[in-house]
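Good morning. I will take one structure today and walk through a few of its parts. Please look at the screen.

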Amino acid sequence: MATLGRAIMGLCLAGSMALVPVGSVMAQDFPGRGIEFVAGYGPGGGHDTLLRSMAKVIQSEGISDAAINVVNKPGGSSSVAMGYLNSHRGDAHYLMAATSSFITTPLMSNIGLDYSDFTPIARLGIDPELLVVNASGPYQSLEDIANAEKTLNVGGTGTGSIEQIVAVQLGEAMGKTFNYIPFQGDGNVTSALLSGQVDFVITNPGPVKDFIASKRFAALGISTGERVDLFPDVPTFKENNYDIELSLFRGVVAAGDINEEGKDYLVSMVKKLSQSPEWKTSYMEPNSVVPDFLGPEDFENYLEKMNGVYKKSLTDLGIIKQ
């Protein structure tokens, strides 16, 4: 009888285990192995720095026990990395850095993928765009620029970049046409402003913050919706009645079609990272990134909006054809 009782109990336990939802088991099992962080550019680039900083804080703060390996997949303005991540569709063990190239590369080249083929996890922050002048130059306010009688030269990085789009939007808002000059890198943009090659530049804070602090440069406007702690005295374009709000974003996405358990784990991991004081002091502040966290649903809506903004702007510039 005792043997029969144990057999019946065993069958009951087995039946009850069969009723446990598969998702519950998977939630406990994920991650089943290490997580790969995919950078779309080479070592030392923006993607690489973001992901290696993330990995370091996640592991030092004990946010995840999973091993994290950062891999670089440079090429094609992040198209190689996007193809690599897409090859792991359905697998949540891969997380890729996403910045403006995540939107612009599919628009400007035929790679067969776009932002909608991936799973948004989070936006961590933004790099606002600043309008910066040489402090010893003739333009000391946005009003001076709007009232300039000549065509002004504006510097930025690359054709079709966010800097050019902001410059075009500002020109339209002021009823002016600027002569946009693309440079190969932030250092060249800064040098051009120092030497007087350009009348002003549109740039992110990193390359110019020290020049602003030393009062060699002056920031006249910023592209955020509200003023930021990094530059509390710099007014937004909107404060000057120019309806411009456009910034470079820094976020992470996973492969498409991942299960909810994997997605929830990644979202929770990145959210805890964003709340860590070490993350703020080791990455956000040194890189002049403004904290502006968006969860997966809001980030998805943001990406859709940005895709529309870039598509229209690049079409208007003649860079992409309808």
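I start with E260, a residue in helix α10. One thing to keep in mind throughout is that this is a predicted model. Is E260 buried, partly exposed or exposed? Its relative accessible area is 47%. Buried would need a value under 20%, and exposed a value over 50%, so E260 counts as partly exposed.

E260 is also one member of a negative surface patch, together with D264, E297, D298, E300 and E304. Two elements give two or more residues each to this patch: α10, residues 260–274, and α12, residues 296–316. Which of them gives the largest share? That is α12, with four residues.

Before going further, here is the chain as a whole. The chain has 322 residues, and 48% of them count as buried. There are 12 helices and 11 strands. The C-alpha trace spans about 100 × 45 × 35 Å along its principal axes.

Now to a strand. Strand β10 covers residues 247–254. How many of its eight residues are buried? The count is eight of eight, so the strand is mostly covered under the cut-off of under 20% relative accessible area.

Strand β10 has partners to look at. One is β3, residues 94–98, which runs antiparallel to β10 and is joined to it by four bridges. Within that pairing, A97 stands opposite V252 of β10. Another is β4, residues 119–128, also antiparallel to β10, with eight bridges between the two. Here G125 has R250 in β10 as its bridge partner.

Next, the salt bridges. Side chains of opposite charge can pair when their charged atoms come close. In this model the count comes to 10 salt bridges. I will show three of them.

Take D257 and R89, whose side chains meet in a salt bridge with 2.9 Å from N to O. Where do these two residues sit? D257 is in the loop between β10 and α10, while R89 is in the loop between α4, residues 79–86, and β3. They are 168 residues apart, and the pair links distant parts of the chain. D257 has a relative accessible area of 58%, which makes it exposed. R89, at 37%, is partly exposed.

The second pair is R227 and E239, with the closest N and O atoms 2.9 Å apart. Both R227 and E239 lie in the loop between β9, residues 217–222, and β10, so this salt bridge ties together parts that are 12 residues apart in sequence. R227 is partly exposed at 41% relative accessible area, and E239 is partly exposed at 42%.

The third pair is K238 and D243. What separates their closest N and O atoms? The distance is 3.8 Å, and a salt bridge is counted within 4 Å, so the pair qualifies. K238 is partly exposed, with a relative accessible area of 33%. D243 counts as exposed, at 68% relative accessibility. This pair does not stand alone: salt bridges that share partners join K238, D243 and E245 into one network.

To recap: E260 belongs to a negative surface patch, every one of the eight residues of β10 is buried, and the salt bridge of D257 and R89 links distant parts of the chain. That is the end of my part.

How values were computed: Residues numbered from 1 in each chain as written. Predicted model: local features only at pLDDT ≥ 70, side-chain atom pairs only at ≥ 80, totals over all residues. Heavy atoms only, no water. Patch = residues over 30% accessible without salt bridge, like charges linked within 9 Å, V, L, I, M, F, W, Y side chains within 5 Å. Areas by Shrake-Rupley, 256 points an atom, 1.4 Å probe, with all protein chains shown as cover. Lys, Arg positive; Asp, Glu negative; His and termini not counted. Charge placed at Lys NZ, Arg CZ, Asp CG, Glu CD. Buried < 20%, exposed > 50% of the residue type's maximum accessible area, 1.4 Å probe, protein only. Pairing = 2+ DSSP bridges.
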